Amino acid sequence: MKDLIIIGGGPAGVAAGVYAARKRLTATLIAEEIGGQSTVSDGIENWVGTVRIAGEDLKKSFKEHLHAYKQDVLEVIEGDRVESLEKTEGGFTATTRDGKTVTGRAVLLASGAGRKKLLVPGADTFENKGVTYCASCDGPMFSGQDVAVVGGGNAGLETAAQLLAYAKSVTLIHRHASFKGDAITVEKILSHPNMRTVLNAEPTAVLGEKFVNGLTVKDRDSGEETTLPVTGVFVEIGVIPNTDFAKGLVELDAVGRVVTNARDQHTSVEGIWAAGDCTDELYHQNNIAAGDAVKALEDIYQWLMKTR
Ligand SMILES: Cc1cc2nc3c(=O)[nH]c(=O)nc-3n(C[C@H](O)[C@H](O)[C@H](O)COP(=O)(O)OP(=O)(O)OC[C@H]3O[C@@H](n4cnc5c(N)ncnc54)[C@H](O)[C@@H]3O)c2cc1C
């Protein structure tokens, strides 16, 4: 039995793998793909210590760092995914799609999340050509332009607030007639002179040639359609955490994120920690995911030593 099973190979999983190996813990890291969500990005400009790194290069550097410890105490299973995780004698057993079983005394859930995609004509075609799912990554590229944000929840409002620093105008498309966020924040954002709202409406198509040049929205009552002349569409309609395999084992919140204690990343089950976008952490960033995993590893190490 290994000391630790790490599920996921994004920044959280990779950070955990490196720290586990350096602490001489025996660990197996299982990841469908090493790299994580941001590796589709052309350039990541906020990974601390690098001014700009292409997603592909970040993926390579993650692999290189992990593989530097492979074949020692760290085993890496790539290209497979965990389908179930259960409590077994003395620890936990993860079973993968390819039928492998791995047992460990402790587990770190680092399986991340996927963004809910905008499912209207054009959204797929223009992804990364004006349609984007990350304001902090891509916002500066839309400096001085007219952009739209789809989604009026907290993430949508926060995205709009961030974009107001760069964009010529920000139009927030919200399905409902009012906002649920706290009144002061909402008022502050909406009162900005460059801010517009289209309430009670939903997008019906993303328009463009090589890049986005418009977004069509439909009023949910009248059915009337309007085209907004925007060059950027920021989608914030929610995330889907990759936690199906942990359902029924650890406590998940209403949208399926692993409930963690922010002090040490521990979950509701002794021996299981979680880090990064699969958790109920408020903010989703590479540095945060890696940092949370490091925090978890420190705690896992202490726990393993105490219970050995
Ligand atoms: C397009 C885009 C651009 C972004 N750009 C930036 C940026 O510039 N800067 C920034 O800080 N943040 C950025 N982010 C956010 C950042 O990517 C995430 O916050 C970060 O990747 C979260 O890391 P994570 O390790 O928790 O999860 P993820 O990156 O989601 O990684 C999850 C890992 O788990 C694996 N996995 C999933 N399910 C299973 C399973 N069942 N079994 C085994 N493995 C599994 C996946 O293959 C992957 O290896 C961006 C996000 C997106 C979508």
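This briefing walks through a ligand site, two helices and a handful of single residues.

The model is predicted, so keep some ground rules in mind: local features need pLDDT of at least 70, side-chain atom pairs count only at pLDDT 80 or more, and totals for chains, interfaces and linings use all residues. Residues are numbered from 1 along each chain as its sequence is written, and side-chain values use heavy atoms, with hydrogens and water left out.

**Around the ligand**

- The ligand has 32 residues around it, and E33, Q37, N46, V82 and C137 come nearest; a residue makes this list if one of its heavy atoms lies within 4 Å of the molecule.
- By type, that shell divides into 14 nonpolar, 14 polar and four charged residues. Here Ala, Val, Leu, Ile, Met, Phe, Trp, Tyr, Cys and Pro count as nonpolar, Asp, Glu, Lys and Arg as charged, and the others, Gly among them, as polar.
- Three elements each supply at least two residues of the shell: α1 (11–22), β2 (27–31) and α6 (286–307). Helices (H or I, at least four residues) and strands (E, at least two) are DSSP runs, numbered from the N terminus.
- A polar side-chain atom of Q37 sits 2.7 Å from an oxygen atom of the ligand.
- Backbone atoms join in too: an N or O atom of G9 is 2.9 Å from a ligand oxygen atom, and one of V82 is 2.8 Å from a ligand nitrogen atom.
- On its own the ligand would expose 990 Å², and the protein buries 94% of that. Those areas come from the Shrake-Rupley method with a 1.4 Å probe; for residues, only the protein chains shown count as cover.

**Helix α1**

- With 12 residues at 1.5 Å each, α1 should span 16 Å, and its end C-alpha atoms are 17 Å apart, which agrees. The expected span is 1.5 Å times one less than the number of residues in the helix.
- α1 is largely enclosed by the rest of the structure, because 10 of its 12 residues are buried. Buried means under 20% relative accessible area, exposed means over 50%, and partly exposed is in between (1.4 Å probe, protein chains only).
- The buried residues of α1 include P11, A12, G13 and V14.
- Among the elements covering those buried residues are β1 (2–7), β2, α2 (55–67) and α6.
- Following α1 comes R24, whose phi is positive, near 60°.

**Helix α6**

- The 22 residues of α6 should span 32 Å at 1.5 Å a residue; the end C-alpha atoms are 31 Å apart, which agrees.
- Buried residues in α6 include N286, A289, W303 and L304.
- Their cover includes β1, α1, α2, β6 and β17.
- Y301 lies in this helix, α6, and counts as partly exposed at 25% relative accessibility.
- Leaving out residues up to four places away in sequence, Y301 touches K23 and L25; touching means heavy atoms within 4.5 Å.
- Y301 and L29 are 272 residues apart along the chain, with 16 Å between their C-alpha atoms.

**S169 in strand β10**

- S169 belongs to strand β10 (residues 169–173) and is buried, with a relative accessible area of 6%.
- Its side chain makes a polar contact with the side chain of D146, at 2.6 Å. A polar contact is a pair of N or O atoms within 3.5 Å; within protein, one must be able to donate a hydrogen and the other to accept it, and residues adjacent in sequence count only if both atoms are side-chain atoms.
- Beyond four places in sequence, S169 touches Q145, D146, V147, N194 and R196.

**Residues in the loops**

- Most residues other than glycine have a negative phi.
- N200 has a positive phi near 55°; this residue sits in the loop between β11 (195–198) and β12 (201–208) and is buried at 18% relative accessible area.
- Q265 also has a positive phi, near 70°. Its home is the loop between β16 (239–241) and β17 (272–274), where Q265 is buried at 2%.
- H266 is placed in the loop between β16 and β17 and is buried too, with a relative accessible area of 18%.
- Setting aside residues up to four places away in sequence, H266 touches V259, T260, N261, G271, I272 and W273.
- A polar atom of the H266 side chain lies 3.5 Å from the backbone nitrogen of G271.
- H266 and R52 are 214 residues apart in sequence and 33 Å apart in space, C-alpha to C-alpha.
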